[in-house]
Amino acid sequence: MKDYIRKCWGLVAALTLASAPLSAQSIDGTSYMLPKNGMRFTVKVEKTQYRPGEFAQYAERFMREKVSQQPTTVYRIIGIEMDETAVPDTSKQFKLSVDKKYSIDKVSLTHDGQLLAINTEGTQPTLPVRVFKPAPKPAPLDPSAFMTEDILSAGSTAKQAELTAKEIYDIRDSRNALSRGDADNLPKDGAQLKLMYENMNRQETALTQLFEGVTVKDTTWTQLSFIPAKEGRTVLFRFSKYYGLVSSDDLSGEPYFITITDEHTAKDPMADAVEKKKEDKNDIGLRSALPSKIKAVLTTGGRTVATYEMNAAQFGFVQSLSGDLFGKKQSAQIIFDPLTGSVRSIKNIDMK
């Protein structure tokens, strides 16, 4: 950072630890916080409900099919998406204090108090909007609307099932005859042919449901927030085939673990012994983050579901930016990364 500033306008930013005394601050000033970074997971779950048909017990006898006679509800995860988030880190709260010798006329903050920019307007951070929009479902078919008079007037359920199976086979035979051109009343054109096929398919589907039952699928999106605090593995959530997404302490579900590894990409600004001895007489309480890259691995049942990499301020360091940046003849505009709190850009301002 110092090399960049020296190249731009010859000013030196003194780098100190965040825990350095803020003796240069005055009573009045702008309080702000640096962020800590998190992860928002959008878990997409498909729910499948099966309801047996009225004639399910006769399916093998009349339709040569084995079907379940018990209603079931099962869940499965069909997708997981991750978005990076930032929240104020209350352990890294500072006050920007200036007097007339510093050219600072604007401090831009996020709505929750994170530092965005100095001497310019910052852009409020936004998260991607992930809202599930279900596709329109066709109206359910009413099998009774396609039953013949003989089926409806049959004296027993077994007889109704037998007559319904016969009607299904008749529909299939008629459709096959139509496709071969052997039907007694052939359609005049393609549009009529398509309409006849659609009607036959609808009739067969409605009556077949009486044996095979009805399966309905729905999709739900659930969002989970996670803010890593240290390296290691933790349970993010649990998932059950029969109950869906459950809490991390509900043992009815299989655990989904998230393992955090710090890749130590940030350099401690006070690692140099020379830097430790420096004291910035123009410390105005201006701090920025030096985030470290972390890797997050989501696993379940011994398999890897997804791997993510991101910068996290809480795994890095904090640096101090000197008030020398904001002189009367030459000042600066600084824009900070709204997610990590690091310096995104510095622009020279000629005050002459």
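This briefing describes the sheet, the aromatic pairs and the nonpolar cores of one structure. The model is predicted. Three strands make up an open sheet, with β1 placed between β2 and β5 in the order β2-β1-β5. The structure contains six aromatic pairs, and its largest nonpolar core has 22 residues.

**The open sheet**

- The strands of this sheet, in the order β2-β1-β5, pair in the antiparallel sense.
- Strands β2 (72–96) and β5 (214–226) are at the edges with a single partner strand each, so one side of each has no neighbour in the sheet.
- From one strand to the next, the twist averages 10°.
- Strand β1, which covers residues 30–51, is joined to β5 over 13 bridges in an antiparallel pairing.
- Within this part of the structure, Gln49 is found opposite Val216 of β5.

**Aromatic pairs and a charge over a ring**

- Of the six aromatic pairs, one is formed by Tyr32 and Phe94, which are tilted, with 5.9 Å from centre to centre and 40° between the planes.
- Because Tyr32 belongs to strand β1 and Phe94 to strand β2, this pair ties together parts that are 62 residues apart in sequence.
- Tyr32 has a relative accessibility of 1% and therefore counts as buried; Phe94, at 8%, also counts as buried.
- The pair of Phe237 and Tyr256 is stacked, because the ring centres are 4.6 Å apart and the planes stand at 15°, an angle under the 30 degrees that sets the limit for stacking.
- Phe237 lies in strand β6 (residues 232–240) and Tyr256 in strand β8 (residues 254–262), so that the pair links distant parts of the chain, 19 residues apart.
- Both Phe237 and Tyr256 are buried.
- Arg233 places its charged end over the ring of Phe257, at 3.8 Å from the ring centre.

**Nonpolar cores**

- In the largest nonpolar core, the residues that touch the most other members are Met39, Phe41, Ile258 and Tyr308.
- Two or more residues of this core come from each of β1, β2, β5, β6, β8, β9 (287–300) and β10 (303–320).
- Strand β10 supplies the largest share of the core, namely five residues.
- Leaving aside residues up to four places away in sequence, Ile258 touches Met39 and Phe41, and its further contacts include Phe226, Arg233, Leu236, Ala296, Val297 and Leu298.
- A second core, separate from this one, has 19 residues, among them Phe94, Ile284, Leu286 and Leu321.
- Phe94 thus appears under two topics, as a member of the second core and as the partner of Tyr32 in the tilted pair.

Terms used:
Residues are numbered from 1 along each chain as its sequence is written. This is a predicted model: local features need pLDDT of at least 70, side-chain atom pairs count only at pLDDT 80 or more; totals for chains, interfaces and linings use all residues. Side-chain values use heavy atoms; hydrogens and water are left out. Two strands pair if DSSP finds at least two bridges between them. Helices (H or I, at least four residues) and strands (E, at least two) are DSSP runs, numbered from the N terminus. Axes are lines fitted to C-alpha atoms, for helices over the stretch in contact, and angles run from 0 to 180 degrees between N-to-C directions. Rings of Phe, Tyr and Trp (its six-membered ring) pair if their centres lie within 6.5 Å; planes under 30 degrees apart count as stacked, over 60 as edge-to-face and the rest as tilted. Buried means under 20% relative accessible area, exposed over 50%, partly exposed in between (1.4 Å probe, protein chains only). A charge sits over a ring if NZ of Lys or CZ of Arg is within 6 Å of the ring centre and within 35 degrees of the ring normal. A nonpolar core is a set of buried Ala, Val, Leu, Ile, Met, Phe, Trp, Tyr and Cys residues joined through side-chain atoms within 4.5 Å. Contact means heavy atoms within 4.5 Å.
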